[in-house]
Amino acid sequence: MQKEFHFHWLTKFKSMSLDQDNCKVRGHMGKTVSFDSTGDRELFMKDFLSPSGIENSFKTWKVSGKYNTKDINFKKHLINELIKKEIVDKEQLINYKNNLENLHLCLHDSKKNLDDTEQNEISISFYDISLELKNEYIKFITNIASLFSEPIYYQEVPTFRFHFPNQKGYDWEDRYHTDVMLGHPPYEFNVWIPFTNVYDSNSMRITPLNYSLNFIKDSNYDFELFAKNVQYKEGVIKDLKEKSDSLNMSYGDFIIFDPRCLHCTQHNKTDITRISLDVRIITESNLLKYSREYRTTGRKKMLFLPGHYFSQEPIGL
Ligand SMILES: O=C(O)CCC(=O)C(=O)O
Ligand SMILES: [Fe+2]
């Protein structure tokens, strides 16, 4: 009896940490979208290969824009939020001229460690934000909505990311991914907004849509295989780096990009903190295009619908 128990425990432990080729499970391996049936996979592929909504509306896979930082003062509200959450104190930040690029100098190293979702405890604490910061976010989304000719729904809980110089825990190859391989609908749009100057390794890398689609095709549209190649296949890793670029942007800039574009966080080897926000939006008409049900692949299995992952109410027009 006891022997059997040991055996099960060992196989479970092994399968959690190594794949069938004895490779350590890293990056997005083991976390990609799965399908209920071959029919479900076919419906997914129909959506995945449908024409790009962003290219249809804007004639490009990546739209760059600016917003007025006096009207939408993310910086002020981020500082207030950091103080309110007792992550830093007011005087500490004043000593560093309230420059968020120096935030790492105000924090104990333990707060900067990454977990295996590539987040640290500060990013996680920002899943819960004050009404004041949420208001700035809604003002920003209202601005974005004005670019579309129909109402949009937005990610209800936005993702704020804090990436500090040389933070511990980054023990994987750059995790190139499209959010679609993590369960997101191919009909949403990604919006990315930096609050510090971003360049080189403190920024996100992004791959143009045509190259991204080719990389995914080369993995036979098998996202588990793609996630593994990204971690273990040197040729793929090198090619991805060559075909992608680090975003070079400043506070007040934003981009909107096709959700199938491959992108990744990098190990921040610069000497400044990066803070950014990434959110997903979806137009009213794109919500009606789903051929299947889309859910987050994590524990919550949240539906990509209004009142679930997206806002209950639309914004715009
Ligand atoms: O900001 C990053 O480093 C990654 C963001 C991301 O994965 C996304 O916007 O989907
Ligand atoms: Fe992403």
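Contact, as I use the word here, means heavy atoms within 4.5 Å. I need that for helix H9, where I will start. Please keep in mind that this is a predicted model.

Helix H9 runs over residues 223-232, and seven of its 10 residues are buried, so the helix is mostly covered, with buried meaning under 20% relative accessible area. The buried ones are Phe223, Phe226, Ala227, Lys228, Asn229, Val230 and Gln231. Note that Lys228 is one of them. What covers them? Among the elements in contact with these buried residues are helix H2 (38-48), helix H8 (209-218) and helix H10 (234-243). At the start of H9, a side-chain oxygen of Asp222 comes to within 3.1 Å of the backbone nitrogen of Glu224.

Next, the metal. Which residues hold the iron ion, ligand 2? The protein donors are His177 through NE2, Asp179 through OD and His263 through NE2, lying 2.2 Å from the ion. Along the chain, the donors follow the spacing H-x1-D-x83-H. His177 sits in the loop between strand S3 (159-163) and strand S4 (189-194), while His263 belongs to strand S8 (residues 263-264), so the two histidines tie together parts that are 86 residues apart in sequence. Are these histidines buried or exposed? His177 has a relative accessibility of 11% and counts as buried. His263, at 4%, also counts as buried.

One of the iron donors leads to Glu188. Glu188 is placed in the loop between S3 and S4, and at 0% relative accessibility Glu188 counts as buried. Leaving out residues up to four places away in sequence, Glu188 touches Asp179, Pro259, Arg280, Ile281, Ile282, Phe304 and Phe310. Asp179 is the donor I listed a moment ago. The side chain of Glu188 also makes a polar contact with the side chain of His184, at 2.6 Å. For scale, the C-alpha atoms of Glu188 and Glu234 are separated by 31 Å, with their positions 46 residues apart along the chain.

Tyr290 shares some of that neighbourhood. Tyr290 is found in the segment after helix H11 (284-287) and is buried, with a relative accessible area of 16%. Beyond the neighbours within four places in sequence, Tyr290 is in contact with Asp47, Pro185, Tyr187, Ile282, Phe304, Leu305 and Phe310. Phe304 also offers its backbone oxygen, which lies 2.8 Å from a polar atom of the Tyr290 side chain. Measured out along the fold, so to speak, Tyr290 and Ile79 are 39 Å apart from C-alpha to C-alpha, and 211 residues apart in sequence.

Now the largest pocket. The space in the largest pocket comes to about 1,200 Å³. Its lining has 39 residues, and those nearest the centre are Gln119, Tyr127, Thr159, His184 and Thr296. His184 is the partner of Glu188 in the polar contact I described. The elements giving two or more residues to the lining are S3, S4, S8 and strand S9 (274-283). By class, the lining divides into 12 nonpolar, 14 polar and 13 charged residues.

Last, Ser123. Ser123 lies in helix H6, residues 121-125, and counts as buried at 1% relative accessibility. Setting aside neighbours within four places in sequence, Ser123 is in contact with Phe160, Arg161 and Phe162.

Technical notes: Residues are numbered from 1 along each chain as its sequence is written. Chains are lettered from A and ligands numbered from 1 in the order in which they are written. This is a predicted model: local features need pLDDT of at least 70, side-chain atom pairs count only at pLDDT 80 or more; totals for chains, interfaces and linings use all residues. Side-chain values use heavy atoms; hydrogens and water are left out. Donors are N, O and S atoms within 2.8 Å of the metal (3.2 Å for Na, K and Ca); water is not among the atoms, so sites may look incomplete. Helices (H or I, at least four residues) and strands (E, at least two) are DSSP runs, numbered from the N terminus. Buried means under 20% relative accessible area, exposed over 50%, partly exposed in between (1.4 Å probe, protein chains only). A polar contact is a pair of N or O atoms within 3.5 Å; within protein, one must be able to donate a hydrogen and the other to accept it, and residues adjacent in sequence count only if both atoms are side-chain atoms. On a 1 Å grid over the protein atoms alone, a cavity is a set of points where a 1.4 Å probe fits but cannot get out, and a pocket is an open set with protein on both sides within 12 Å along at least five of seven lines; lining residues have an atom within 4 Å of a point. Grid points are joined across faces, edges and corners, and a volume is the space filled by probe spheres set on the points. Ala, Val, Leu, Ile, Met, Phe, Trp, Tyr, Cys and Pro count as nonpolar, Asp, Glu, Lys and Arg as charged, and the others, Gly among them, as polar.
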